[in-house]
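Biologist: Can you walk me through this one? I'd like to start with how helices pack.

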Amino acid sequence: MSVSTCPSEANAATPAPGGLDAVDRAIVLATQAGLPLVPDPWSAVGKPLGIAGEEVRQRMQHMQASGIIRRIAAVPNHYRLGYLANGMTVWDVDDAHIDRLGRIVGTLPGVSHCYRRPRHLPEWPYNLFAMLHGQTHADVERQADELRSLLGDACRDHRILYSSRILKKTGLRLAGRSDRQA
């Protein structure tokens with residue numbers, strides 16, 4: 001059995017239950033793979049939905065303010081930028097210190113993902129996960145050494161699990177089509 005609870009930062013906006021009306025859902029479906037790379041992406045998204053680009057922009061701002069959308073940003077392909085070594089580091093950190101140390105680890109520039117997860121003793125003692133990226137394994141191992149120093153005596157053990165092949169890589173995608181796109 002897996003446990004899946006993922007509370008984010010304590011100060012993050014909490015979306016309303018249900019979260020999306022039909023238009024917001026259509027906008028998310030139309031943009032979840034990326035905004036069109038055109039001079040006015042808001043109008044390009046709004047046109048097939050039958051709404052103005054300004055309404056798309058305002059609705060996306062509202063969804064961001066309410067926490068439904070975390071951010072709108074360019075997502076670089078780190079492999080094409082030469083970051084070929086990707087290591088999920090797993091750490092056995094004293095439970096008395098993990099929340100404080102996990103927040104610090106999450107702020108490090110080389111860490112792209114940082115999670116606290118339950119241990120599965122006796123086989124899996126690791127409770128802190130931090131994804132590191134580098135151009136070489138040596139780059140990742142150097143970052144892991146820095147992380148190990150930061151964790152200090154609170155860390156009992158760690159491992160680096162390198163990616164060997166991408167089978168799928170995407171963010172969450174809502175299923176379905178926009179009612180307005182049919």
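Modeller: One cut-off before we begin: angles of 65 to 115 degrees between axes count as roughly perpendicular. Also, keep in mind that this is a predicted model.

Biologist: Fine. At what angle do α1 and α3 pack?

Modeller: About 95°, with the axes 10 Å apart. Helix α1 covers residues 22-31 and helix α3 covers residues 53-65. The two are therefore roughly perpendicular to each other.

Biologist: Which residues in α1 and α3 meet?

Modeller: From α1, V23, D24, I27, V28 and T31. Their partners in α3 are E55, V56, R59, M60 and M63. By class, that contact has six nonpolar, one polar and three charged residues.

Biologist: Switching to the core. How many residues are in the largest nonpolar one?

Modeller: It has 16. W91, V93, V105, L128, L147 and L151 have the most contacts inside it.

Biologist: Which elements give two or more residues to this core?

Modeller: β1 (85-93), α4 (98-107), β3 and α5 (137-151). The largest share comes from α5, with four residues.

Biologist: And what does L128 touch?

Modeller: Leaving out residues up to four places away in sequence, L128 touches T89, V90, W91, V93, I98, G102, V105, C114, Y115 and L151. There is also a second, separate core of 11 residues. A26, V28, I51 and M60 are among them.

Biologist: V28 and M60 again?

Modeller: Yes, V28 and M60 are also in the α1 and α3 contact.

Biologist: Last topic, the backbone. Is the peptide bond from L121 to P122 cis or trans?

Modeller: Cis, with omega near 5°. Most peptide bonds are trans.

Biologist: Where is P122 found?

Modeller: In the loop between β2 (111-116) and β3 (128-134).

Methods
Residues are numbered from 1 along each chain as its sequence is written. This is a predicted model: local features need pLDDT of at least 70, side-chain atom pairs count only at pLDDT 80 or more; totals for chains, interfaces and linings use all residues. Side-chain values use heavy atoms; hydrogens and water are left out. Axes are lines fitted to C-alpha atoms, for helices over the stretch in contact, and angles run from 0 to 180 degrees between N-to-C directions. Angles under 35 degrees count as roughly parallel, over 145 as roughly antiparallel, 65 to 115 as roughly perpendicular and the rest as oblique. Contact means heavy atoms within 4.5 Å. Ala, Val, Leu, Ile, Met, Phe, Trp, Tyr, Cys and Pro count as nonpolar, Asp, Glu, Lys and Arg as charged, and the others, Gly among them, as polar. A nonpolar core is a set of buried Ala, Val, Leu, Ile, Met, Phe, Trp, Tyr and Cys residues joined through side-chain atoms within 4.5 Å. Buried means under 20% relative accessible area, exposed over 50%, partly exposed in between (1.4 Å probe, protein chains only).
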